[in-house]
Amino acid sequence: MTVVFFGISFLIGANRASANTTFQDESAALSLLNQKGQAIVNGTTPKVSDSNSTPSSDYSTTYYIDSINGNDNNSGKSPNDAWKTIRRVNSGTDFTNDQILFRAGDYWSDGPTLSPKGHHFKISSYGTGEYPKLAGNGLIQDVIRINNEDHVEISNLDVSNTVSGANGKDGTKLKADLKGIHITGADQGTLSNYYLHDLYVHDVTGTVAWINGSGKAPEGASYQNGWNGSKDSGGIIFDIQTPSRPDSKPTVFRDVTISDNVVNDNSYGGITIKQHEGKADHAWASRDDGTEENGYQSKNWAPHSNITIKNNYIDQSKSDFACDGIYLTSSKDSKIQGNITKGTGTVGIEMYYCDHITVQFNDVSGAVRKAGGGDSAGIDPDRETTNMLVQYNYIHGNGDGILLCGFGYGTSVIRYNVLKDNAVPIPGYQKGQAGIYYVDLFGDSGKHYIYNNDFYNTRQYPKATFIGSAPGMNNTKDHAFVFNNNFFSTQDSPDLNPLVGRRVSYSHNNYFGGPLKPLDGEANALKDDPMFKGQLDTNPQFEDLAALKIANNSPLIGKGTAMELTGLNVAVATEDLFGVPISTNPSIGVSEPMNVAPAGTTPSSTSSSSTPSSSVATPAQSSSTTSSSSSISSVPVDKSNRPMAKNRMAPFKVFAREHFYEYRKPTFKVTNRAKKVSKHTILIVVSVTKSANGFRRYQLSNGRFITANSKFVKRLYFATKVSKLKVINHSGIFSYHSLKFLRQNRMKFYKYGSVLHIRKVVRYGLTTRLKLSNGSYITGNRLFIDHY
């Protein structure tokens, strides 16, 4: 099977990818990402897609590098006059507004580090065939190093840095501080606009350096390295170096997108974003002097911002030294969405010294302890993290499912996640030892809202717990609220019931199966069968979570309580895991009933999981809540859930055919620019208008405006009948015997290039399904099928 990196991107907001994506979209994207990632990790060589084989016209000059036929005495400005070596690229040419393209199928090894100079440049490939390979072979520290240069795009490369003889088992073979792609800077202020996509970064065999630790570290790892000296090797690394002057201003990264990559078996980690800590006025990473009274603000904290890590496949399972999947530190207003992490050591997705991070629609599994690390968590908002939003994730088969390390302080919202078969015993585990948990309230402080999650157990444990609370959660100023959760077990594991802490409150939870029972004195607790639509098998995929939709006569309907998030800058949820609007009295667990309308709405005959929310917000959702103890005075409301104005049309999806910008007004000016839209990004159009000079504009669900020019944007789904279409997705597509695209409804697989005869187009929420001549249905998504 030929696997081509073809990124499908989704815009997301602070509350949900609300109105911009559906559960079906996310499930389909994760399914394709899983197929692609597994194939590449298991030996299928990624190839440059046809759409990426032609040089972009956005740059002034294109330089070509050909390791076989090139010559460094050439001009480098055409394929027939290409340069040959990386050394020639590094020789002093200013690549500002240029692109550097390596020939597909070629191989460069042993160095030197690729480190071009200039601003606003691109490094990629040309021609067709396998990704160009840049292999450091452990002989250079960085395979690619971008230092103090910004507006950089890197794509379509195979990057590795493997010490000879390294096999993922022998720590003596590792080498200190190895990296694949290293983006760094110092003394620059703001470094902005990085786009790393469609890359294969693998087998970087660096040593593992921990911040703390005690005793003798395993071979290949070391303890007590401090912040700046730790966790600094791996696949893709963004970090800030020590400033050269005592009065140097903070250097930060802004507007970074890392998407659609396959990253595997890199030690220490897969994708890492770090800030320099240093000392005194240069302590830009940490937030140690923040307090609840000042909204956890720190006078020296200088975080990165607008970091987006999405649609990446990260598999660390074949190396005993490949630890974190995603390690995001010292950042704010950022998002981690649609990623798959497998077999990580320590944590699948970890945040440290962060504020206002959204982690959603990720599939996180198999985290274990490695290389002397202390944790084995799926998702970990670690030290001094605030306003963390963890929602709509599938977290399974980890040690701790979610680890909440409230050291110093921490505030988080954990909602509408499915946590299945976590609390995997650690090596050497003995019955009677302290267990690990589905959710572990571990730190000595914190304010956490844990609500409307499904805890789903099918394992027989000697000892495991759904919710664990450390003794530190007994202090007086902090609190955890465990409300509206569905605790479900098919086994008789004796200790799954949550632990009690004096500052941990339980209310409106449901307990069903085995020995599960409400806690003594818990208010409004239930012990009822949730009446799921189906059951989760041993190893379900994200799309299979649709089995956890509840029946329309489930006893959990309307038995939850509305949540008010006091003291957090996080919006109240407006939709369940499947996109169904949440009613005034929410149900327990991740699912609202499919055809029972929330207050103020009319039931729809179309599947709610693919229909945009149009509910009237509940009092808890529509009004700001006042903090009694924080400088944050109110909670923002998710405006994307408000009913559309009467003059708006039925919404539809479009996708970006090229890069362009969103604007705050329909008349486009540079001063009105809101954000850059990447190619293949999917957006929701809610109305059509015109600029002052008569150009047609689309208004998006977020209120902004984009061009309606078909050169830049196109409807995502076929809306009118066509007779024949062909499959353009290189991983193929499935047909289904019903409009609901669930795994159990699959009928036939159609490979890339298959020609299909279409009988009719059927609208399905914001999407369309195409009925084939044999009566089955396929997606109407133009990124998967197109004209024959």
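This report walks through the cavities, the unusual backbone spots and a charged surface patch of one predicted model.

**Inside the protein**

Let's start with the empty space. Searching the whole structure turns up seven cavities of 30 Å³ or more. The largest cavity holds about 500 Å³ of space, and 31 residues line it. If you want to find its centre in the viewer, look for Q24, A28, Y736, F741 and T779, which are the lining residues nearest to that point.

Which elements build this wall? At least two lining residues each come from helix α1 (23–41), strand β51 (733–736) and strand β54 (767–772). Of these, α1 gives the largest share of the lining, with nine residues. So much for the interior.

**Backbone oddities**

Next, a few places where the backbone does something less common. As a rule, most peptide bonds are trans, and most residues other than glycine have a negative phi. Two cis peptide bonds and one positive phi go against that pattern here, and they are listed below.

| Residue(s) | Feature | Angle | Where |
|---|---|---|---|
| G111 and P112 | cis peptide bond | omega about 0° | P112: loop between β5 (107–109) and β6 (121–126) |
| S267 and Y268 | cis peptide bond | omega about 10° | Y268: loop between β19 (262–264) and β20 (269–273) |
| D198 | positive phi, not a glycine | phi about 50° | loop between β13 (190–197) and β14 (200–204) |

The G111 and P112 bond has a proline on its C-terminal side, whereas the S267 and Y268 bond has a tyrosine there. D198 is the one with the positive phi, and it sits in the loop that links β13 to β14.

**A charged patch outside**

Finally, the surface. Which residues gather in a patch of positive charge there? They are K690, R696, R715 and R763, so one lysine and three arginines come together on the outside. For R763 we can also say which element carries it: strand β53, which covers residues 755–764.

How values were computed:
Residues are numbered from 1 along each chain as its sequence is written. This is a predicted model: local features need pLDDT of at least 70, side-chain atom pairs count only at pLDDT 80 or more; totals for chains, interfaces and linings use all residues. Side-chain values use heavy atoms; hydrogens and water are left out. Patches are made of residues with over 30% relative accessible area and no salt bridge: like charges are joined within 9 Å, nonpolar side chains (Val, Leu, Ile, Met, Phe, Trp, Tyr) within 5 Å. Accessible areas come from the Shrake-Rupley method with a 1.4 Å probe; for residues, only the protein chains shown count as cover. A salt bridge is a side-chain nitrogen of Lys or Arg within 4 Å of a carboxyl oxygen of Asp or Glu. The place of a charge is taken as NZ of Lys, CZ of Arg, CG of Asp or CD of Glu. Helices (H or I, at least four residues) and strands (E, at least two) are DSSP runs, numbered from the N terminus. On a 1 Å grid over the protein atoms alone, a cavity is a set of points where a 1.4 Å probe fits but cannot get out, and a pocket is an open set with protein on both sides within 12 Å along at least five of seven lines; lining residues have an atom within 4 Å of a point. Grid points are joined across faces, edges and corners, and a volume is the space filled by probe spheres set on the points.
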